[in-house]
Amino acid sequence: MTTKINFNGQIHDELNISVLDHGFLFGDSVYEVVCTIKNQPCFLDKHLCRLFASASAISLDIPHDKQWFQEQLNTTLSAAGNLESYIRIIVTRGIGEVNIDPSTCHRPNIIIIVMETSEYPESCYEKGIHVALVSIKRNSRDALNPNVKTGNYLNNVLAKVESNKLGAQDAIMVNSLGHLTEGTTSNLFFVRDGHIFTPSLDCGILSGITREIVIQLSKENGFRVEEGKWPGEELSEADEIFLTGTIKKVMPVSHLDGRPVGSGKPGPVTLKLMRLYEFLLKG
Ligand SMILES: Cc1ncc(COP(=O)(O)O)c(C=O)c1O
């Protein structure tokens, strides 16, 4: 396992950063997780676009351009020399006074963690995972917009804590109106009568890069895909449920709140999309 950490352009084996960084004090940061194929970053341009959009949404000026990130990633990936890597890019507000005001922070810190990839066990894809519809509500768009990928993930952490207590492997959240949103680190899809449904962006979700690609793949392969608003109860009527994300890829859900979804095994639509997505990544 080789881990390398790039801190503002310098590569380290280990890194300690200041407790006065507002990223640590207030979750005042933005981030992206990127996977690799043949140790090259996958969909990097989309991730960097989202990183800059997230930074702009919290008025955080990143003092470099996308080209700089690409160069830093190349050198850090080469230094790590893994077969495949997990990449986490973090931009924090930087060091400032110990109060909430970001105007005392004059220089953002940029951290790129490259470590050997750790994938979900094959059994998750073969059997599907158990999820729970939790009572914690997804942040509202006019509070902390879930479409801004900040380092403040406490909403998702609390949902995960609740799903752990319920014996599930992940949580699905509804918003304050009771409409389905997403998982703790993934987007949600469900299938009914062969059609694919997924909560729309205005439900308050992250516009996932995998979600976008899976929607496109589904349409190209003749599926009807509907983005919309559905109450949480709708999920118990689904024939299939699956989650999408950079690390999860297309992850089947076998049980919801302890009850089997459909046959209790990954269904045909999910299996087809798993294969199509895998093929797109690896050819
Ligand atoms: C809350 C949330 N939703 C969805 C996703 C999936 O996004 P992506 O497919 O871009 O990885 C993530 C990924 O981290 C996430 O944290």
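**Exercise 1. Describe helix α7 and find which of its faces is buried.**

Helix α7 covers residues 268-282, so let us start with its length: its 15 residues reach 21 Å from the first C-alpha to the last, close to the 21 Å expected at 1.5 Å a residue, where the expected span is 1.5 Å times one less than the number of residues. Helices (H or I, at least four residues) and strands (E, at least two) are DSSP runs, numbered from the N terminus. The model is a predicted one: local features need pLDDT of at least 70, side-chain atom pairs count only at pLDDT 80 or more, and totals for chains, interfaces and linings use all residues. Residues are numbered from 1 along each chain as its sequence is written.

Step 1: pick out the buried residues (20 or more other C-beta atoms within 10 Å of their own; exposed means 12 or fewer, partly exposed in between; C-beta atoms are placed from the backbone). In α7 they are Val269, Thr270 and Leu273.

Step 2: look down the axis of α7. The buried residues fall within an arc of 95°, so they line one face of the helix; the arc is that of the directions from the helix axis to the C-beta atoms.

Step 3: turn to the face away from the buried side, which carries the exposed residues Arg275, Phe279 and Lys282.

**Exercise 2. Describe the shell around the ligand.**

Step 1: count the residues. There are 14 around the ligand, and Leu206, Gly208, Ile209, Thr210 and Thr246 are the closest; to be near, a residue has its C-beta atom, placed from the backbone, within 6 Å.

Step 2: find the main contributor. α6 gives the most, with 3 residues.
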